[in-house]
Amino acid sequence: MAKRALITGVSGQDGAYLASFLLDKGYEVYGLQTRRGSDTLWRLRYLSVLNRIQLVDGDLTDLSSLCRALDTAQPDEVYNLAAQSFVATSWAQPLLTAQVTGVGALNVLEAVRLSGCGARCYQASSSEMFGKVRETPQTESTPFHPRSPYGVAKAFAHWSTVNYRESFGLHATSGILFNHESPLRGLEFVTRKITDAVARISRGLQQELRLGNLDAQRDWGFAGDYVEAMWLMLQQEQPDDYVIATGHNTSVREFCRVAFAAVKLDYEAYVKVDPQYYRPAEVDTLQGDAGKAQRMLGWRPRVSLQQMVEMMVEADLKRVAAE
Ligand code: NDP
Ligand code: GDP
């Protein structure tokens, strides 16, 4: 019989890639849909998976809707990818971020526990929990020092996951993923903001690109590679925590250089620093050590930063041309 998976946040970047990955593995895929905005399902259409999955209404802040979704999906595996996921917004909406990204994850764990369905659970934890980093590179045992309401909420969700594993024996795993990007990344995140601007500037539709801290460094990987790691984690007999990262870090400035170079432009002629994009507290640098995932899961990233930037610029050039 086909395995069944329930994905929360199915309309997001990772949800779309994971749905596609699981369908290829022969899964029956259910996705939690919030029915909030206008066209939130564009990523599922982009990957041609919309007609191959079942959408179930629900919201992370509504425990009863999660119980009903579990009842409908009867899943073997639950992937909790839903969140208010944008760090900058978490200062403007700290309580909403705590409710959705923090307590929402606890609601998922509680719904699985109450249902007694025995589904294996994946929690989308984040390198933002390391925040003001205590050591480099960061591993599963590096202490947390979150620097935003988002990071604090993710730390709550992470420890709730560990706690439900230790208290109730839930097969609950926390994947501590470093930044991962793709042509499906939201436009508010810096990588997609850059590649979209590169496409528009190269077509003469935009004159400049205004950014904040160009010296921030991130360990950027490709989302398509990272969803495979999520699945591998849930195939293990024992639940655990795993860091998923490339092991390399790159500055925002260098990302700009590579992205503009893809269309033979010099970023220095177009990028302007604008203080409005600075954050109240910054995470200066992140660099992960995915050695444990490599040893235990046999996982390693496939797509290089250069390949990913070219993929994103190419997709944005096509989009801009189609507009
Ligand atoms: P996105 O922002 O692209 O997707 C977020 C998803 O959450 C959307 O489907 C959104 O639905 C859904 N959502 C938001 N609020 C609610 C709610 N109240 N109830 C139910 N669903 C809700 O995120 P990504 O795909 O990039 O990331 C997936 C997960 O991984 C997130 O939890 C993120 O915080 C985490 N993460 C991401 C990293 C990255 O670099 N991408 C790094 C580390 C962790 P709708 O479209 O309807 O708003
Ligand atoms: P995050 O790591 O989850 O916060 O991912 P983002 O893509 O939002 O930000 C990555 C880094 O880029 C952070 O250190 C930001 O301060 C920095 N950055 C610089 N300029 C911008 C900008 O204009 N938008 C965003 N989103 N980030 C920016």
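Which side chain has an N or O atom 2.9 Å from a nitrogen atom of ligand 1? In this predicted model, the side chain in question is that of Asp59. Two further polar approaches to ligand 1 involve oxygen atoms of the ligand: one such atom lies 3.2 Å from a polar backbone atom of Ala83, and an oxygen atom of ligand 1 is also found 2.8 Å from a polar side-chain atom of Lys154. On its own, ligand 1 has 890 Å² of accessible area, of which the protein covers 89%. Helix 1 (13-24), strand 5 (120-126) and helix 6 (149-168) are the elements that each give two or more residues to the surrounding shell, and the largest share, three residues, is that of strand 5. In total, 25 residues surround ligand 1, with Ser11, Asp14, Thr34, Ser85 and Tyr150 the closest; by class, the shell consists of nine nonpolar, 11 polar and five charged residues.

The second ligand is surrounded by 17 residues, of which Lys193, Gly212, Arg218, Arg279 and Glu282 come nearest. Three of the contacts can be described at the level of atoms. A nitrogen atom of ligand 2 lies 2.8 Å from a backbone N or O atom of Gly212, whereas a polar atom in the side chain of Arg279 is placed 2.5 Å from an oxygen atom of the ligand, and an N or O atom in the side chain of Glu282 is 2.7 Å from an oxygen atom of ligand 2. Of the 530 Å² that ligand 2 exposes when taken alone, the protein buries 97%. The shell around ligand 2 is made up of eight nonpolar, three polar and six charged residues.

Aromatic contacts were examined next. A pair of aromatic rings is described by the distance of the centres and the angle of the planes. Across the whole structure, 11 aromatic pairs are found. In one of them, the ring centres of Phe86 and Phe189 are 5.1 Å apart and the ring planes stand at 70 degrees, over the 60 degrees required, so the pair is classed as edge-to-face. This pair links distant parts of the chain, 103 residues apart, since Phe86 belongs to the loop between strand 4 (77-80) and helix 4 (87-92), while Phe189 belongs to the loop between strand 7 (180-181) and helix 7 (190-202). Phe86 and Phe189 are both buried. The ring of Phe189 also has a charged neighbour, for Arg185 lies over its face at 3.6 Å from the ring centre. Elsewhere, the charged end of Lys292 sits over the ring of Tyr242, at 5.1 Å from the centre of that ring, and ring pairs join Phe130, Phe144, Trp159 and Phe178 into a cluster.

A further set of polar contacts is centred on Glu110, a residue of helix 5 (residues 94-115). The relative accessible area of Glu110 is 17%, which is under the 20% limit, and Glu110 is therefore counted as buried. Its side chain makes a polar contact of 2.9 Å with the side chain of Arg113, and a polar contact of 2.5 Å joins the side chain of Glu110 to that of Tyr164.

Note on methods. Residues numbered from 1 in each chain as written. Chains lettered and ligands numbered in written order. Predicted model: local features only at pLDDT ≥ 70, side-chain atom pairs only at ≥ 80, totals over all residues. Heavy atoms only, no water. Phe/Tyr/Trp six-rings, centres within 6.5 Å; stacked < 30°, edge-to-face > 60°. Helix = DSSP H or I, 4+ residues; strand = E, 2+ residues; numbered from the N terminus. Buried < 20%, exposed > 50% of the residue type's maximum accessible area, 1.4 Å probe, protein only. Lys NZ or Arg CZ within 6 Å of the ring centre and 35° of its normal. Near = heavy atom within 4 Å. Polar contact = N/O pair within 3.5 Å; in protein donor to acceptor, adjacent residues only side chain to side chain. Areas by Shrake-Rupley, 256 points an atom, 1.4 Å probe, with all protein chains shown as cover. Nonpolar A, V, L, I, M, F, W, Y, C, P; charged D, E, K, R; others polar.
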